[in-house]
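This report looks at one aromatic pair and its surroundings, then at the chain as a whole.

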Amino acid sequence: MNRSLRTFAVVLAAVLTAGAALAACSRADRGDTSGASAAPANQGPAAELRLGYFPNITHAPALIGLDKGFFAKELGSTKLVTQQFNAGPPEVSALLGGSLDAGFIGSSPAINAFDQSKGAAVRLIAGSTSGGAQLVVKPGITSPEQLKGQTIATPQLANTQDVSLKKWLKGKNLAIGAGPDAVTVQNLANPRTLDLFKSGQVAGGWLPEPWSSQLVVQAGATVLVDEKTLWPNGQFPTTVLIVRTEFLEQHPDTVDALLRGEQQAIDFAASNPADAKTVTNAAIKRLTGSTLNQAVLDRAFSELSFGLDPLASTFPQLAKDSVTAGVAPAATDLNGFLDLTELNKILQASGKPTVDAAGLDKAQR
């Protein structure tokens with residue numbers, strides 16, 4: 001190569017190197033460390049928030065927040081669009097499909113949403129409800145051994161109560177299946193369980209509130225296992241709040257507003273327990289056409305507690321329980337599952353203690 005060509009090559013290399021450096025600086029200025037496209041940036045309040053929930057007493061903070069206008073007030077100009085669900089899997093599908101932005105949901109479906117998206121699509125941002133699940137059975141069954149040859153109901157395959165029952169049965173060395181020496185686990189809609197229990201076609205169910213209370217109060221069932229006795233301090237997450245990761249990154253102000261609304265709903269329930277029952281029951285009647293009698297309502301509320309703490313330390317055990325129960329091949333890696341940044345900002349601003357992510361906010365995939 002002659003001198004002029006060598007000089008041109010040196011200059012060209014320098015220009016390309018400088019261009020690459022400038023591009024890298026530009027990406028860094030935008031917060032893009034991937035070397036590809038920029039990550040979603042804070043775009044301010046969202047035009048709308050699509051929120052999912054169940055018309056159930058275990059979702060009382062959601063029902064109260066909607067009925068009392070706490071969410072709408074905090075969201076301001078952001079339009080609140082709500083959608084009801086009766087089971088976790090359809091809500092998970094809506095979140096992963098992008099037709100829902102946030103949702104109140106059971107702990108097991110929340111884990112499943114994180115697992116299905118390989119840790120990318122959703123983050124758990126707050127708690128809502130703990131407790132309120134029991135194995136209730138027909139009178140005369142007083143020991144695990146007496147469940148052999150019986151049919152026990154759970155609300156849905158691989159839902160939170162289904163996992164709890166199957167894990168407990170395995171722990172008692174009771175086979176799951178058909179036959180006189182096994183326990184048949186049947187997945188039934190909760191109203192169907194009540195009907196079949198009354199007719200003697202099922203011997204009981206591992207059920208969330210208010211269905212466990214309905215079997216006790218209205219059908220004479222007795223409590224064989226209160227799930228609270230199986231957890232440290234009697235606390236386990238029944239309902240949590242999750243949000244699409246992209247929505248959280250793009251609209252943290254809207255997420256803050258949602259959390260403030262939930263905080264107000266929980267504070268209302270703590271300060272006005274009688275009114276909280278009335279509001280929740282009226283919302284359920286409006287949404288489903290049915291209502292709870294006072295005895296069922298009182299018992300159900302006594303079994304539940306409401307709070308923003310998601311009880312993060314319980315989730316690794318919940319993930320292991322799904323494997324023990326035979327509904328998952330391996331425990332979900334929960335690193336990065338929680339993002340409590342916005343929640344702890346809200347708690348600090350209101351003078352309340354922050355909550356711990358138990359290390360599950362680290363090492364996101």
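## A buried aromatic residue

In this predicted model, Phe-114 has a relative accessibility of 0% and therefore counts as buried, the limit for that class being under 20%. Phe-337 also comes to 0% relative accessibility, so Phe-337 is buried by the 20% limit too.

## Aromatic pairs

The structure holds seven aromatic pairs. One of them joins Phe-114 to Phe-337: the ring centres are 5.0 Å apart, and the planes meet at 50°, which makes the pair tilted.

This pair connects distant parts of the chain, with the two positions 223 residues apart in sequence numbering. Phe-114 belongs to helix α5 (residues 107-116), while Phe-337 sits in the loop between α13 (315-324) and α14 (341-349). Ring pairs also bring in Phe-315, giving a cluster of Phe-114, Phe-315 and Phe-337.

## A polar contact from the loop

Thr-332 is located in the loop between α13 and α14. Its side chain makes a polar contact of 3.5 Å with the side chain of Asp-115. With a relative accessible area of 14%, Thr-332 falls under the 20% limit and is therefore buried.

## The chain as a whole

The protein chain has 14 helices and twelve strands. Among its 365 residues, 48% count as buried. The exposed surface of the protein chain is about 16100 Å², and 53% of that comes from carbon and sulfur atoms.

Of the contacts in the protein chain with a separation of 6 or more, 77% are between residues 24 or more positions apart. The Phe-114 and Phe-337 pair, at 223 residues apart, links distant parts of the chain.

Technical notes: Residues are numbered from 1 along each chain as its sequence is written. This is a predicted model: local features need pLDDT of at least 70, side-chain atom pairs count only at pLDDT 80 or more; totals for chains, interfaces and linings use all residues. Side-chain values use heavy atoms; hydrogens and water are left out. Rings of Phe, Tyr and Trp (its six-membered ring) pair if their centres lie within 6.5 Å; planes under 30 degrees apart count as stacked, over 60 as edge-to-face and the rest as tilted. Helices (H or I, at least four residues) and strands (E, at least two) are DSSP runs, numbered from the N terminus. Buried means under 20% relative accessible area, exposed over 50%, partly exposed in between (1.4 Å probe, protein chains only). A polar contact is a pair of N or O atoms within 3.5 Å; within protein, one must be able to donate a hydrogen and the other to accept it, and residues adjacent in sequence count only if both atoms are side-chain atoms. Contact means heavy atoms within 4.5 Å. Accessible areas come from the Shrake-Rupley method with a 1.4 Å probe; for residues, only the protein chains shown count as cover.
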